[in-house]
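Ready to poke around in a new structure? Here are a few exercises, each with a worked solution to check yourself against.

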Amino acid sequence: MTTLLDRWVAAARGAGASAAEPDLEAAGGYLLGRWSEPQRQYHDVTHLTAVLDVVDEYADLAAAPDRVRLAAWMHDAIYDPRALGDANERDSAEFAEGLLTTLGTPPQVAAEVARLVGLTAGHATGETDPDGELLCDADLAILAAEPDRYAAYTEAIRREYAHVPDEAFRAARAQVLVSLLELPAIYRHAPLHAAWEARARANLEKELRALAG
């Protein structure tokens with residue numbers, strides 16, 4: 001059975017990492033430790049696996065799928081619910097470039113993975129960015145979940161922000177939902193847009209109404 005660690009090593013090798021196998025495995029173990037930190041209620045190993053599964057299923061839509069896989073591993077590598085703005089994404093991007101460089105990944109690849117990670121701050125991509133589009137589509141796949149799973153997702157997000165008072169949380173969460181609804185398209189790749197867009201928008205609008213009520 002292919003483990004998450006195997007998937008990490010394969011993606012790193014596919015993207016050009018030249019480090020010895022034990023070093024790659026140690027880096028993957030460190031990342032899994034990051035994704036297992038106690039403050040994570042949604043942004044955890046389950047989320048990482050779900051994002052990787054979407055990337056794998058639709059890898060033919062990407063120009064460089066292993067770079068997208070590495071960006072999936074890195075996109076929430078640093079996650080502090082108390083951080084302000086896009087600090088988590090910026091810190092994760094910087095961390096990604098440094099780690100991949102240490103593992104012997106070509107500098108241009110490490111920089112590209114860092115760029116992809118940065119896109120997850122606002123999930124806005126350019127018109128010709130299939131790799132960025134796939135990463136963002138995969139990261140937002142949960143928005144198109146069936147009602148029970150979507151409810152579990154929103155509950156997990158609230159637990160991550162348990163330190164935020166209810167009124168402030170509702171206002172901040174509503175702002176996030178509105179920003180997503182204002183995107184020209186939540187999902188950019190055609191097959192994902194066709195399958196998920198309507199349900200995601202319905203979920204977001206329903207949650208927004210609940211927050212307002």
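**Exercise 1. Sort the residues that line the largest pocket by class, then find which elements they come from.**

Keep in mind that this is a predicted model. Start with the classes: the lining of the largest pocket holds 18 nonpolar, 11 polar and 7 charged residues. Together they make a lining of 36 residues, and those nearest the pocket's centre are Glu-89, Ala-121, Tyr-161, Arg-173 and Val-176. Next come the elements: two or more lining residues are given by each of α5 (87-102), α8 (147-160) and α9 (166-181). Of the elements, α9 gives the most, with 7 residues. As for volume, the largest pocket has about 1000 Å³.

**Exercise 2. Do the same for the second largest pocket: what is its volume, and what lines it?**

This pocket holds about 320 Å³ of space. Its lining has 21 residues, with Tyr-42, Ala-50, Ile-142, Ala-145 and Arg-149 closest to the centre. Two or more of the lining residues come from each of α3 (45-57), α7 (130-139), α8 and α10 (190-212). The largest share belongs to α3, with 5 residues. Split by class, the lining has 13 nonpolar, 3 polar and 5 charged residues.

**Exercise 3. Work out how the rings of Tyr-30 and Phe-95 are arranged: stacked, edge-to-face or tilted?**

The model has 7 aromatic pairs in total. For this one, take the distance first: the ring centres of Tyr-30 and Phe-95 are 6.1 Å apart, and a pair needs centres within 6.5 Å. Now the angle: the planes stand at 45 degrees, so the pair is tilted. Where do the two partners lie? Tyr-30 is in helix α2 (residues 21-35) and Phe-95 in helix α5, so the pair ties together parts 65 residues apart in sequence. Last step, accessibility: Tyr-30 is partly exposed at 42%, whereas Phe-95 is buried at 17%.

**Exercise 4. Now try Tyr-161 and Phe-169, and find which charged group sits over the ring of Phe-169.**

Their ring centres are 6.4 Å apart and the planes meet at 40 degrees, so this pair is tilted. Tyr-161 has a relative accessible area of 24%, so Tyr-161 is partly exposed. Phe-169, at 10%, is buried. The charged group belongs to Arg-158, whose charged end sits over the ring of Phe-169, 4.3 Å from its centre.

**Exercise 5. Which residues do ring pairs link into a cluster?**

The cluster is made of Tyr-42, Tyr-150 and Tyr-153. Remember Tyr-42 from the second largest pocket, where it is among the residues closest to the centre.

Notes
Residues numbered from 1 in each chain as written. Predicted model: local features only at pLDDT ≥ 70, side-chain atom pairs only at ≥ 80, totals over all residues. Heavy atoms only, no water. 1 Å grid on protein atoms, 1.4 Å probe; cavity = no way out; pocket = protein on both sides within 12 Å on 5 of 7 lines; lining within 4 Å. Points joined across faces, edges and corners; volume = space filled by probe spheres on them. Helix = DSSP H or I, 4+ residues; strand = E, 2+ residues; numbered from the N terminus. Nonpolar A, V, L, I, M, F, W, Y, C, P; charged D, E, K, R; others polar. Phe/Tyr/Trp six-rings, centres within 6.5 Å; stacked < 30°, edge-to-face > 60°. Buried < 20%, exposed > 50% of the residue type's maximum accessible area, 1.4 Å probe, protein only. Lys NZ or Arg CZ within 6 Å of the ring centre and 35° of its normal.
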